[in-house]
Amino acid sequence: MLPNHVPLVVAEQFGMLDAMAPGRIYLGLGRAPGTDGATASALRRHHAANDEFPQQVAELLGFLENSFPKEYPYSEVHAVPGPWQAQQNRVPPSKTAADVWILDSSTYSAHMAAQLGRPYAFALQFGSADILNAMRIYRENFRPSQFLAKPYSLVSIGAIADEDPVEARRQSTPSAMAMLRMFQRKPFALLPPDEVAAFQGNSQERQIIEQYTNQTLHGTAAEVAKGLEDIQEQTGVDEVMLVVQGYSRYAQSHTVELIADHYGMPSH
């Protein structure tokens, strides 16, 4: 969530990560606060931070690539490690850099991802936003860049699989309850499924829990896989990312194992 951070610091942190693991680092940039007002204030995030997101992205890319024009106020400010440091030390520049993605859960950042020629990731687990329109905007307005010749997109979606579809649905309720708690400005905590089932909320609260439970792909491995394939077919994305749900560590790891087995993926 870039408005929560200083672009120069992010550039240096991810430059260091790429130096340690060349070609393996992904940097996703989102504009949402991702938190409550008090925390945003503690992060020194002001009310216009969202509106400044495009400028922050431009500055971050300028630091990462050491590409500010001479007249820019930060043209003499350099991220270390980075291209400037390599030049000063008279060593070959790094052949890799953090792979920058633009993150979204609406249609706002689709335009930016397209204009920058960067890969675009859509978080479908946060709600029933218009992903089809977002993908259309991204593809129709895409400008090829040195980083990407054609549009490349990803969608993330919550998922929980179990041999028993009833248990899979049961394990999907803690995340739904956590979303309700977030809306109520309570800690985003995963409560046990039995506690969620016993929750005596009002009709609106129960509706929110039901809504987010239904938005998670849950069921047997075959049912979850069918849901993933339907999403890929509808959106045309290049990658689908599972946001693994479930209250217990076993439920989470078992989901990964079941989906991997369904697609015949190796165990090592």
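A polar contact is a pair of N or O atoms within 3.5 Å; within protein, one atom must be able to donate a hydrogen and the other to accept it. The exercises below use this cut-off and a few others. The model is predicted.

**Exercise 1. Place E59 and test its link to Y72.**

Task: find which helix holds E59, decide whether E59 is buried or exposed, and classify the side-chain pair E59 and Y72.

Solution.
- Step 1. E59 sits in helix α3, which covers residues 53-65.
- Step 2. The relative accessible area of E59 is 10%. Buried means under 20%. E59 is therefore buried.
- Step 3. The side chains of E59 and Y72 are joined at 2.9 Å. The cut-off is 3.5 Å. The pair is a polar contact.
- Step 4. Set aside neighbours within four places in sequence. E59 then touches P7, F68, Y72 and Y74.

**Exercise 2. Classify two aromatic pairs.**

Task: what kind of pair do F63 and Y74 form, and what kind do W101 and Y152 form?

Solution.
- Step 1. Ring centres must lie within 6.5 Å to pair. By this rule the model has 9 aromatic pairs.
- Step 2. For F63 and Y74 the centres are 6.0 Å apart and the planes meet at 20°. Planes under 30 degrees apart count as stacked. So F63 and Y74 are stacked.
- Step 3. F63 belongs to helix α3, while Y74 lies in the loop between α3 and α4, so this pair ties together parts 11 residues apart in sequence.
- Step 4. Check the cover. F63 has 5% relative accessibility and is buried. Y74 has 34% and is partly exposed.
- Step 5. For W101 and Y152 the centre-to-centre distance is 5.9 Å, with 80° between the planes. Over 60 degrees counts as edge-to-face. W101 and Y152 form an edge-to-face pair.
- Step 6. W101 is in strand β2, and Y152 is in the loop between α6 and β4, so the pair ties together parts 51 residues apart in sequence.
- Step 7. W101 is buried at 8%. Y152 is partly exposed at 28%.
- Step 8. Return to the α3 region. F63, F68, Y72 and Y74 form one aromatic cluster. Of these, F68, Y72 and Y74 are also contacts of E59.

**Exercise 3. Inspect unusual backbone geometry.**

Task: which peptide bond is cis, and where do R90 and R185 lie?

Solution.
- Step 1. The bond from V80 to P81 is cis, with omega near 0°. P81 is in the loop between α3 and α4.
- Step 2. R90 is not a glycine, yet its phi is positive, at about 55°. R90 lies in the loop between α4 and β2.
- Step 3. R185 also has a positive phi, near 65°, and is a residue other than glycine. R185 falls in the loop between α7 and α8.
- Step 4. Exposed means over 50%. R90 has a relative accessible area of 80%, so R90 is exposed. R185 is exposed as well, at 72%.
- Step 5. Compare G117, just after α5. G117 takes a positive phi of about 65°.

**Exercise 4. Trace the packing of α5 and M135.**

Task: which residues of helix α5 are buried, what covers them, and which residues does M135 contact?

Solution.
- Step 1. Helix α5 covers residues 108-116. Its buried residues are S109, A110, M112, A113 and A114.
- Step 2. An α-helix has 3.6 residues a turn, so residues three or four places apart point the same way. Use this when viewing the helix.
- Step 3. The cover over the buried residues of α5 includes α3, β2, β3 and α6.
- Step 4. Move to α6, the helix that holds M135. M135 is buried, with a relative accessible area of 1%.
- Step 5. Beyond neighbours within four places, M135 contacts Y120, F122, S153, L154, T235 and V237.
- Step 6. M135 and G236 are 101 residues apart along the chain. Their C-alpha atoms are separated by 8.4 Å.

**Exercise 5. Summarise the whole chain.**

Task: how many helices and strands are there, and what share of contacts joins residues at least 24 apart?

Solution.
- Step 1. The chain has 11 helices and 6 strands.
- Step 2. Its C-alpha trace spans about 60 × 45 × 35 Å along the principal axes.
- Step 3. Of the 268 residues, 40% are buried.
- Step 4. Take contacts between residues at least 6 apart in sequence. Of these, 65% join residues at least 24 apart.
- Step 5. The side chains include 20 positive and 29 negative ones. The centres of the two sets lie 6 Å apart.

Key:
Residues numbered from 1 in each chain as written. Predicted model: local features only at pLDDT ≥ 70, side-chain atom pairs only at ≥ 80, totals over all residues. Heavy atoms only, no water. Helix = DSSP H or I, 4+ residues; strand = E, 2+ residues; numbered from the N terminus. Buried < 20%, exposed > 50% of the residue type's maximum accessible area, 1.4 Å probe, protein only. Contact = heavy atoms within 4.5 Å. Lys, Arg positive; Asp, Glu negative; His and termini not counted. Charge placed at Lys NZ, Arg CZ, Asp CG, Glu CD.
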